[in-house]
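Thanks for coming, everyone. I have one structure to walk you through today. Please take a look at it first.

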Amino acid sequence: MSGRTTHSIAHFAAPFMIGGLDGQLPAGDYYDIDHDEELVDGISWLAWRRVATFIHLPARTVKSQTSQLVAIDFAELETALRRDQENAA
């Protein structure tokens, strides 16, 4: 199966939480959210299925350009973004 990675940006106006991550993450722009997708075989048109979502986080203990790549649930990311938008209104 063929695969691809697409990228997106998430903006949070307030600190937020996503399952699987320790504690709250600070508000701000998260420029590196990667979505790994695989090509769905056996159909007559191109279709992609999301198989994983990752967020790049700055390291909390090192004051440098290091980061960590953490797998997250895409549905939880969408829920956190929706809550953030609702609370900002």
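Let me start with a definition. When I say strand, I mean a DSSP run of E with at least two residues, and strands are numbered from the N terminus. With that in hand, Asp34 lies in strand S2. One more thing before we go on: this is a predicted model.

Let's get the layout. Four strands form an open sheet. The order is S1-S2-S3-S4, and the pairing is antiparallel. Which strands stand at the edges? They are S1 and S4, the latter covering 67-72. Each has a single partner strand, so one side of each is left without a neighbour in the sheet. Neighbouring strands are turned by 30° against each other on average, direction ignored.

Now look at S1 and S2. They run antiparallel, and nine bridges join them. For a landmark, find Gly3, which stands opposite Glu38 in S2.

Then there is the helix. H1 takes in residues 74-88. It lies across S1, S2, S3 and S4, and runs at about 25° to S1.

Next topic: charges. Side chains of opposite charge can pair when their charged atoms come close. How many salt bridges does a search of the whole structure find? Two.

Take the pair of Glu37 and Arg4. Their side chains meet in a salt bridge, at 2.6 Å from N to O. Glu37 is in strand S2, residues 28-39, and Arg4 is in strand S1, residues 3-12. The two are 33 residues apart, so to speak of them as linking distant parts of the chain is fair.

Is Glu37 buried or exposed? Glu37 counts as buried, because its relative accessibility is 12% and the cut-off for buried is under 20%. Its partner Arg4, at 35%, counts as partly exposed.

The other salt bridge joins Arg49 and Glu38. Their closest N and O atoms are 3.0 Å apart. Arg49 lies in strand S3, residues 48-58, while Glu38 lies in strand S2. So this pair ties together parts that are 11 residues apart in sequence. Both partners are partly exposed here: Arg49 has a relative accessible area of 38%, and Glu38 has 23%.

Stay with Glu37 for a moment, and look at its surroundings. Leaving out residues up to four places away in sequence, Glu37 touches Ser2, Gly3, Arg4, Thr6, Trp48, Arg49, Arg50 and Val51. Pick out Arg50 from that list. Glu37 and Arg50 are 13 residues apart in sequence, yet their C-alpha atoms are 4.3 Å apart in space.

Arg50 has another neighbour to show you. Its charged end sits over the ring of Phe74, 3.6 Å from the ring centre.

That brings us to the rings. How many aromatic pairs does the structure hold? Three. Phe12 and Phe16 form a stacked pair, with 3.6 Å centre to centre and 10° between the planes. Phe12 is buried at 1% relative accessibility. Phe16 is buried too, at 5%.

Phe12 also pairs with Tyr30. Why is that pair edge-to-face? The planes stand at 80°, and over 60 counts as edge-to-face. The ring centres are 6.1 Å apart. Phe12 lies in strand S1 and Tyr30 in strand S2, so the pair ties together parts that are 18 residues apart in sequence. Tyr30 is buried, like Phe12. Put Phe12, Phe16 and Tyr30 together, and you have one aromatic cluster.

Last stop: back to Asp34 in strand S2. Is Asp34 buried or exposed? Asp34 counts as buried, because its relative accessibility is 12% and buried means under 20%. What does Asp34 touch, not counting residues up to four places away in sequence? Thr5, Thr6, His7, Ala52, Thr53, Phe54, His56 and Leu69. For contrast, take Arg83. Asp34 and Arg83 are 49 residues apart in sequence and 21 Å apart in space, C-alpha to C-alpha.

To recap. We have an open sheet of four strands in antiparallel pairing, with helix H1 lying across S1, S2, S3 and S4. There are two salt bridges and three aromatic pairs. Thank you.

Note on methods:
Residues are numbered from 1 along each chain as its sequence is written. This is a predicted model: local features need pLDDT of at least 70, side-chain atom pairs count only at pLDDT 80 or more; totals for chains, interfaces and linings use all residues. Side-chain values use heavy atoms; hydrogens and water are left out. A salt bridge is a side-chain nitrogen of Lys or Arg within 4 Å of a carboxyl oxygen of Asp or Glu. Buried means under 20% relative accessible area, exposed over 50%, partly exposed in between (1.4 Å probe, protein chains only). Rings of Phe, Tyr and Trp (its six-membered ring) pair if their centres lie within 6.5 Å; planes under 30 degrees apart count as stacked, over 60 as edge-to-face and the rest as tilted. A charge sits over a ring if NZ of Lys or CZ of Arg is within 6 Å of the ring centre and within 35 degrees of the ring normal. Two strands pair if DSSP finds at least two bridges between them. Axes are lines fitted to C-alpha atoms, for helices over the stretch in contact, and angles run from 0 to 180 degrees between N-to-C directions. Contact means heavy atoms within 4.5 Å.
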